[in-house]
Amino acid sequence: MKALKIALICTAAALSVAAASVSACHKAVSGTFEGEYKYDNPYAEGTYYGVKVSVEVEEDVIKSVTVLDSEYIQASDSYEEWGWDNTVYQNGRDNLLASYAGKTVDDILALSVAVDEDGAPYVSTDRNFVSYDSDLLISGATQSSGRMLLAVKNALENA
């Protein structure tokens with residue numbers, strides 16, 4: 001019985017030391033990181049849908065997300081026959097970017113976006129593909145919102 005107590009005490013001590021050393025090794029992520037997400041535009045060869053971003057992080061918390069200049073198409077042109085108006089994305093983009101502030105790196109890396117075989121954020125027939133926070137989504141610009149999240153995740157994976 002005494003040997004069992006000693007073994008349990010030693011095991012508990014070893015686990016405690018291991019946990020302390022793992023937490024001591026974690027260094028909070030801070031800095032500015034660039035990322036992107038793009039895929040071929042099926043409607044115009046040689047062009048891409050996508051977005052490039054810069055993500056500012058301090059102590060594992062996102063401070064800001066900024067869109068960088070690129071040749072990528074962030075949102076399709078408006079098409080009346082589809083009922084699509086790209087001003088929805090343009091008008092909502094600043095609020096979308098601001099919604100990332102205050103979220104942790106782990107919060108964002110845990111989110112996912114379904115994509116089809118071409119890399120486009122997947123939109124099912126019921127238009128319900130979103131598996132992440134609604135404040136990171138512009139209703140009516142789901143694919144653009146998905147591209148943004150994938151670009152931010154790419155930047156954070158580069159951290």
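Leucine 68 counts as partly exposed, at 25% relative accessibility. The model that holds this residue is a predicted one. Leucine 68 sits in strand β3. Look at what surrounds the side chain. Outside the four places on either side in sequence, leucine 68 is in contact with Glu34, Lys52, Val53 and Ser54. Lysine 52 deserves a closer look. Its C-alpha is 5.3 Å from that of leucine 68, and the two residues are 16 apart in sequence.

Now step back to the whole chain. The protein has 159 residues, and 35% of them count as buried. Its secondary structure comes to four helices and three strands. Read from the N terminus, the order is α-β-β-β-α-α-α. The accessible surface comes to about 9800 Å², and carbon and sulfur atoms account for 51% of that. Sequence separation is also worth checking. Take the contacts between residues at least 6 apart in sequence: 57% of them join residues at least 24 apart.

Next comes the interior. The largest nonpolar core has 32 residues. Val53, Val55, Tyr100, Ile108 and Met148 touch the most other members. Several elements give two or more residues to this core: β1 (31–40), β2 (48–58), β3 (61–68), α2 (87–99), α3 (105–109) and α4 (142–157). Which element gives the most? That is α4, with seven residues.

Valine 55 shows how the core is put together. Setting aside neighbours within four places in sequence, valine 55 is in contact with Gly31, Thr32 and Phe33, among others. The list goes on with Ile62, Ser64 and Val65. Val152, Ala155 and Leu156 complete the contacts of valine 55.

Two of the helices that feed the core also meet each other. Two packed helices are described by the angle between their axes and the distance between the axes. For α2 and α4, the axes come within 11 Å and cross at roughly 35°. The crossing of α2 past α4 is right-handed. On the α2 side, the contact is made by Tyr89, Arg93, Leu96 and Leu97. On the α4 side, Ser144, Ser145 and Met148 take part. Met148 has appeared before, among the core residues that touch the most other members.

Helix α3 offers another pairing across the chain. Aspartate 106 is placed in helix α3. Is aspartate 106 buried or exposed? Its relative accessible area is 62%, so aspartate 106 is exposed. The C-alpha atoms of aspartate 106 and leucine 156 are separated by 9.1 Å. Along the chain, the two residues are 50 apart. Leucine 156 is also one of the contacts of valine 55.

Turn to charge pairing. How many salt bridges does a search of the whole structure find? The search finds one. It joins the side chains of lysine 103 and aspartate 135, at 2.9 Å from N to O. The pair links distant parts of the chain, 32 residues apart. Lysine 103 is in the loop between α2 and α3, while aspartate 135 is in the loop between α3 and α4. The two partners have their own accessibility classes. Lysine 103 has a relative accessible area of 12%, so it is buried. Aspartate 135 is partly exposed, with a relative accessible area of 35%.

The loops between the strands come last. Start with the loop between β1 and β2, where asparagine 41 is found. Buried means under 20% relative accessible area. Asparagine 41 has 8% relative accessibility, and therefore counts as buried. Beyond its neighbours within four places in sequence, asparagine 41 is in contact with Thr47, Tyr48, Tyr49 and Ile73.

The loop between β2 and β3 holds glutamate 59 and aspartate 60. Check the backbone here. Glutamate 59 has a positive phi of about 50°, although it is not a glycine. Aspartate 60 has a positive phi of about 70°, and it is not a glycine either. As for solvent, glutamate 59 counts as exposed, at 53% relative accessibility.

Notes. Residues numbered from 1 in each chain as written. Predicted model: local features only at pLDDT ≥ 70, side-chain atom pairs only at ≥ 80, totals over all residues. Heavy atoms only, no water. Core = buried A, V, L, I, M, F, W, Y, C linked by side-chain atoms within 4.5 Å. Buried < 20%, exposed > 50% of the residue type's maximum accessible area, 1.4 Å probe, protein only. Contact = heavy atoms within 4.5 Å. Areas by Shrake-Rupley, 256 points an atom, 1.4 Å probe, with all protein chains shown as cover. Salt bridge = Lys/Arg side-chain N within 4 Å of Asp/Glu carboxyl O. Axes fitted to C-alpha atoms, helices over the stretch in contact; angles between N-to-C directions. Left-handed = near helix turned anticlockwise from the far one by under 90°.
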